[in-house]
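Visitor: I am new to this structure and would like to be walked through it slowly. Could we look at it together?

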Amino acid sequence: MKKFNVVIVGGGSTFTPGLLKGMCSRKDTFPINRLVMYDIDANRQQKIGEFAKILLKEEYPEVHFSYTTDKAKAFTEDIDFVLCQMRTGGYAMREKDEKVPLSKGLIGQETCGPGGFAYGMRSIGDMIELVNDVRAKSKDAWILNYTNPAAIVAVALKEVFPKDNRILNICDQPENLLRSYGKLLGVHERDFEPVYFGLNHFGWFTNLYDTEGNDLLPELREKILDGGFRPADAEQRDQSWLDTYAMVEQIVRDFPDYLPNTYLQYYLYPDQVLKKLNPDFTRTNEVQAGREKRVFKDCALAVEAGTAKDCDVVQNDAHGEFILFVAESIAYNKGNNFIVILKNDGLVSNLPEDAMVEVAASITANGPRPFAVGEIPTFYKGLIEAQYAYEKLTVEAYLEKSYGKALQALTLNRTVVSAAQARKVLDALVVANKGYWPELN
Ligand SMILES: NC(=O)c1ccc[n+]([C@@H]2O[C@H](COP(=O)([O-])OP(=O)(O)OC[C@H]3O[C@@H](n4cnc5c(N)ncnc54)[C@H](O)[C@@H]3O)[C@@H](O)[C@H]2O)c1
Ligand SMILES: O=P(O)(O)OC[C@H]1O[C@H](O[C@H]2[C@H](O)[C@@H](O)[C@@H](O)O[C@@H]2CO)[C@H](O)[C@@H](O)[C@@H]1O
Ligand SMILES: [Mn+2]
């Protein structure tokens, strides 16, 4: 059985321990030869890297492991998979993505609205650099990317590397939703055959078939309307995530056709959601006080104890497992079905060909073979077209260094709408992102 050479980009991520644990539990189905963790922050990565050494020694001693901040050591000739989860600017900039819009009375969120725009304008440059670094040595490596805002990163990478068919942008949210549906229905998530359409963090499930071909979505909708909606791993979630999942009931009541991605709350009810966001304590602060603190403390404790045996550093399994499921399906041409981000090319027949849509696909050694969705109703088409125009203009604003396009992008975003507000928040974000964004003219 072939063993794979894997690089994790963003080795110091709070999600890396989960990914490492996932690698250990999947060593029989996705065997790794060499694992390199790469990050630009030596300190952050060392803390996770030292934990990794102990974990791998105990659970996966055959892996050749190292961590580095040296690109030359990370990006070599024989990489099979690059698993990417970088955050340009770290939590310090995520906090600004949330707080700057809130200071203007707008939604402050990591991937949605002006915050997502700001994060996108930071991520694009680093992601282009990453692809160039990988491709300089490994032409055939698969680049599986979690880096957010995945919607904007996907549009940018398709624009800059149109012929590169080994870059696959993914999101764990549809997977988290499937696990949550599975819990409500008593069905394992892998036994669903979902039909899904939209953009990343902006999509809907239209059908949820079981192994016999029955559509369970109508039953699920009734369950959500009767008893509300919670994440599968509710006991491990912070309150803000529970509030987010709870909003699904309201969305389904208003728009019962399909089941929504939770991120739609920001676009459909911006005023209502805004009232719940605390400008003095945003999601970044909650993550820093929770997951970040816990992950780094637990890793340090394991290093101190010299064992990772009692370390339950991983909270949500879906994140680490999902990217490995996708890698495994590519590696062994399994053709398993996952929801991924792809160029539309007629999959949703009444959306632009070049949109990067999120749909179900059979994942093979030759890449995703997506399932066509067909025509979607006017309401969803209208929402998606405006959001896609926002994504495309964001990428154009970055590549052309255009203030005008940035202003157009933000004006089109449903969380902003007013051009005057768009200008105010853009000007504040330009200042907050100095050194990270290109200078806009
Ligand atoms: N697509 C999804 O569904 C999904 C799910 C969860 C997290 N994410 C994304 O994963 C990433 C990590 O999230 P996190 O909360 O753990 O953040 P984090 O800040 O803890 O980790 C990110 C790491 O990336 C490093 N980094 C920054 N720029 C880099 C670069 N140019 N090259 C290499 N490393 C770099 C940082 O130093 C940091 O250690 C973020 O982009 C986040 O949005 C995506
Ligand atoms: O606010 P965060 O940092 O906890 O999460 C932001 C990400 O949220 C989605 O992903 C998962 C996340 O990976 C998981 O650990 C848990 O928190 O649930 C989240 C949603 O179910 C989202 O898909 C990512 O794009 C975000 O970065
Ligand atoms: Mn996501």
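Visitor: Which residues does His-201 touch, not counting residues up to four places away in sequence?

Guide: This is a predicted model, in which local features need pLDDT of at least 70 and side-chain atom pairs count only at pLDDT 80 or more, while totals for chains, interfaces and linings use all residues. Residues are numbered from 1 along each chain as its sequence is written, and chains are lettered from A and ligands numbered from 1 in the order in which they are written. Taking contact to mean that two C-beta atoms, placed from the backbone, lie within 7 Å, His-201 touches Thr-111, Cys-112, Ala-151, Cys-171, Gln-173, Asn-261 and Tyr-263.

Visitor: Is Cys-171 buried or exposed?

Guide: A residue is buried if 20 or more other C-beta atoms, placed from the backbone, lie within 10 Å of its own, exposed if 12 or fewer, and partly exposed in between. Because Cys-171 has 26 C-beta neighbours inside 10 Å, the residue counts as buried.

Visitor: Which UniProt annotation covers Cys-171 and His-201?

Guide: The two residues span 31 residues in sequence, yet their C-alpha atoms are no more than 8.3 Å apart, so they gather at one spot. UniProt positions are given in the numbering used here, with feature names shortened, and annotations may be inferred rather than shown by experiment. In the unreviewed UniProt entry, the annotation that covers both Cys-171 and His-201 is "binding site".

Visitor: What ipTM does the predictor give the complex?

Guide: Alongside a pTM of 0.98, the predictor gives the complex an ipTM of 0.97.
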